[in-house]
Amino acid sequence: LSVLDGDTGNLDEGRLLVDKLSGTLSDRPVYGYLYSKNTVWLNKYYELRNYQAVILLGSLIVAIILSVWLARGVSLPIKKLVDYARNIGLGKRSTKPDVSSYELNVLSNTLEEMSISIASREEEIIYKNTHDLLTDLNNRNAAEEFLGELSLKEQGTVALLNIKRFK
């Protein structure tokens with residue numbers, strides 16, 4: 001068997017490493033031989049590879065669980081705020097959702113202020129629709145609404161008078 005410096009050769013399914021050592025013996029170079037069966041180092045390699053695969057799989061599972069937990073921590077308060085905003089849009093009164101994040105709490109407070117201002121504008125519009133702007137007395141719309149509600153409860157007669165050239 002002739003093997004050169006630093007070269008490796010196969011010997012009965014094993015590894016043979018040959019390297020020239022420093023120094024000579026009787027004016028001849030000295031070589032070092034290292035022989036190892038493949039099964040020994042392959043078993044260690046497979047064991048290490050399996051150990052790394054288990055660590056990788058465990059890390060992946062922990063990362064997935066952590067990301068789901070973090071995503072729910074953010075998405076559930078946002079879902080509450082979306083439902084709250086949807087109720088405001090539909091004109092329903094609902095309680096302000098409790099959120100823990102500062103930014104989401106600011107958004108929740110803003111939505112509550114928006115709900116209050118919308119409700120006050122609606123009341124103002126309804127009032128202006130049923131009252132005279134000059135005298136602040138009930139107008140024709142208020143009378144029609146009142147008579148409509150009254151006709152559902154009781155029976156009776158309504159007389160309409162039209163006074164022309166009233167001074």
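User: Let's begin with V30. Which strand holds V30?

Analyst: In this predicted model, V30 sits in strand β3, which covers residues 28-37. Its relative accessibility is 28%, so V30 counts as partly exposed.

User: How far is V30 from K20 in space?

Analyst: The two are ten residues apart in sequence, and their C-alpha atoms are 6.1 Å apart.

User: What pattern do the helices and strands follow along the sequence?

Analyst: The pattern reads β-β-β-α-α-α. That gives three helices and three strands in the chain.

User: How much of the chain is buried?

Analyst: Of the 167 residues in the chain, 11% are buried. For contacts, take those with a separation of 6 or more: residues 24 or more positions apart account for 20% of them.

User: Which residues make up the largest nonpolar core?

Analyst: There are six: L81, Y84, I88, V99, L104 and L111. Two elements give two or more residues to this core, α1 (38-90) and α2 (102-130). The largest share, three residues, comes from α1.

User: Let me follow one core residue, then. What does Y84 touch beyond its neighbours up to four places away in sequence?

Analyst: Leaving out residues up to four places away, Y84 touches S94, T95, K96, P97, S108, L111, E112 and S115. Of these contacts, L111 also belongs to the core.

User: S108 is on that list. Is S108 buried or exposed?

Analyst: S108 has 0% relative accessibility, so this residue counts as buried. It is part of helix α2. Again leaving out residues up to four places away in sequence, S108 touches L81, Y84, K96, P97 and V99. Among these, L81, Y84 and V99 are members of the largest nonpolar core.

User: Now for empty space. How is it found, and how much space lies in the largest pocket?

Analyst: The general idea is to roll a probe the size of a water molecule over the atoms, which shows where empty space is left. Here, the largest pocket holds about 150 Å³ of space.

User: Which residues line the largest pocket?

Analyst: Its lining consists of R140, A143, E144, L147 and L160. By residue class, three of the lining residues are nonpolar, two are charged and none is polar.

User: How should I read aromatic pairs, and how many does a search of the whole structure find?

Analyst: A pair of aromatic rings is described by the distance of the centres and the angle of the planes. The search of the whole structure finds one pair. Its partners are Y45 and Y46, with 5.5 Å from centre to centre and 55° between the planes, and the pair is tilted.

User: How accessible are Y45 and Y46?

Analyst: Y45 has a relative accessible area of 45%, so Y45 is partly exposed. Y46 is partly exposed too, because its relative accessible area is 37%.

User: One last topic, the backbone. Which residue has a positive phi although it is not a glycine?

Analyst: That residue is D136, with a phi of about 65°.

User: Where is the place of D136, and what does D136 count as at 44% relative accessibility?

Analyst: D136 belongs to the loop between α2 and α3 (140-153). With a relative accessibility of 44%, D136 counts as partly exposed.

How values were computed: Residues numbered from 1 in each chain as written. Predicted model: local features only at pLDDT ≥ 70, side-chain atom pairs only at ≥ 80, totals over all residues. Heavy atoms only, no water. Core = buried A, V, L, I, M, F, W, Y, C linked by side-chain atoms within 4.5 Å. Buried < 20%, exposed > 50% of the residue type's maximum accessible area, 1.4 Å probe, protein only. Helix = DSSP H or I, 4+ residues; strand = E, 2+ residues; numbered from the N terminus. Contact = heavy atoms within 4.5 Å. 1 Å grid on protein atoms, 1.4 Å probe; cavity = no way out; pocket = protein on both sides within 12 Å on 5 of 7 lines; lining within 4 Å. Points joined across faces, edges and corners; volume = space filled by probe spheres on them. Nonpolar A, V, L, I, M, F, W, Y, C, P; charged D, E, K, R; others polar. Phe/Tyr/Trp six-rings, centres within 6.5 Å; stacked < 30°, edge-to-face > 60°.
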